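Colleague: I would like a close look at one part of this model, namely its salt bridges. Please take me through them slowly, pair by pair.

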Amino acid sequence: MADGALTRPHAQSVLSRLSPALQIAIVYVLARAVTTVFLLIAAELSGEGSRFGPDATIGSFVMGWDAEWYSFIAGFGYPSDLPRDETGEVTTNQWAFMPLYPVLATLVGFGNYGLGALIVSLVAGYLSALVLYRLLRDRIDASAAMWAVVFFVSGPLAALFQIGYAEALFLLWLFCALWCVQRRRFVPLYLLIPLMGYTRPGVLAFSLFLALYGIWRWFRRENDPLSAREVVHIVVLGLWAAAVGFSWQIIAGLVTGDPSGYLETELSWRRSWTGEAGVFVPFDGFVQAAAIWFRLWGLDPVWGYVALGVGVVAAAAVLLFVPQVRRLGAEVRLWSASYLVYLLAVFFPQSSLFRLLVPLAPLSGALALPRSLAWRVGVLAACLVGQWVWILNMFALASTYYQIP
């Protein structure tokens, strides 16, 4: 009996006896190893039709797609004269991308942008996983929070932690900001908001989130006291986030001499799909895309509008009524709702849509709540399959898959 009692601790998982930070480090390294294998296979499969060509390497993937734009910023900055086509319309250029990531990557790489970008993405990915764990651990048990991190670092878009994109760095600032709001530590947000705002677009969603959070706290003030100090912080921070969000348009206008330069730059990506320059109209992008995509699939565009409406209603229902999502807390739910509204308002859905959904990662906690090991392993398997499909299409096939008819 005594010997049996002594062996029980040894039956426990070695991993479970380590600190959360070390557990996450091990999980993160293993996840990055899997992603590296996927990228190596994708490099072997890359052919003449791919934008990376038959001699593709992981290094070319790190610097591929939008990472090229960040490298242009690192090397040449932003154009003072907006590039235009023969009709006078603004064409794609660096103003669509924020400066913090390429500047930091250049500094970290001591002038070697590609190396610095890889390091920044890898480190920011690990740190964001740590903060995500703390953010979720305040609402759910340790096992579920850790599995949520596993899903996060192994998810369909996990290759973002190993390429020259700003998403990993943005997630780090975002998760820190959400954790501060959850802990009601508002002062750090005065720094985190501009860090978010100048890493990638999305800080306007955080402004909306703070507005909704303030309203939620106001209606709960009898049971959850809301001090005057908190009211001031919430209002000022919401305005600060809005100001930071719109400041890039002002900066671009001052540098280029065209007040609409930033919006025209963003619309230039949309023009290849719509065939027209157009003007920015909030919420119009998803409506246009719903018709375009369903037409490309040989279906009546009306079904695109129906699918869009069903998707919006389904997302609202998930955030409002699904018990596992409700357990994540009001902060995660309000952020998710705010970000989805932001995407609906400003984005034209195409191949980047899945990447732009990554800031909804805290919702992974809902997937981790069921205690069934079979369920959790099944979700992890789905994450890895999704990751391979994304890497295959975005790197091995690249332009052969996402080409415009």
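Modeller: What follows is a walk through three of the pairs, with the place and the exposure of their residues.

The model is predicted. As background, side chains of opposite charge can pair when their charged atoms come close. A search of the whole structure finds 14 salt bridges.

Start with R139 and E331. Their closest N and O atoms are 3.3 Å apart, and the two form a salt bridge. R139 sits in the loop between α6 and α7 (142-154), while E331 belongs to helix α16 (residues 330-346), so this pair ties together parts that are 192 residues apart in sequence. How exposed or buried is each partner, R139 and E331? R139 has 33% relative accessibility and therefore counts as partly exposed. E331 has a relative accessible area of 2%, which means that E331 is buried, since the cut-off for buried is under 20%.

The next pair uses the loop between α6 and α7 again, this time through D141. The side chain of D141 meets that of R371 in a salt bridge, at 3.3 Å from N to O. R371 is placed in the loop between α18 (364-368) and α19, so the bridge to D141 ties together parts that are 230 residues apart in sequence. R371 is exposed, because its relative accessible area is 64% and exposed means over 50%.

The third pair is R184 with D224, a salt bridge whose closest N and O atoms are 2.6 Å apart. Both partners are in loops: R184 in the one between α8 (167-183) and α9 (189-197), D224 in the one between α10 (203-219) and α11 (228-256). The pair therefore ties together parts that are 40 residues apart in sequence. R184, at 29% relative accessibility, counts as partly exposed. D224 is buried, with a relative accessible area of 12%. Which residues are joined with R184 and D224 into one network? They are R217, R220 and E230, and the joining is done by salt bridges that share partners.

To put the three pairs side by side: R139 with E331 links a loop to a helix, R371 with D141 links one loop to another, and R184 with D224 also links two loops. In the first pair the arginine is partly exposed and the glutamate is buried. In the third pair R184 is partly exposed and D224 is buried.

Notes. Residues numbered from 1 in each chain as written. Predicted model: local features only at pLDDT ≥ 70, side-chain atom pairs only at ≥ 80, totals over all residues. Heavy atoms only, no water. Salt bridge = Lys/Arg side-chain N within 4 Å of Asp/Glu carboxyl O. Helix = DSSP H or I, 4+ residues; strand = E, 2+ residues; numbered from the N terminus. Buried < 20%, exposed > 50% of the residue type's maximum accessible area, 1.4 Å probe, protein only.
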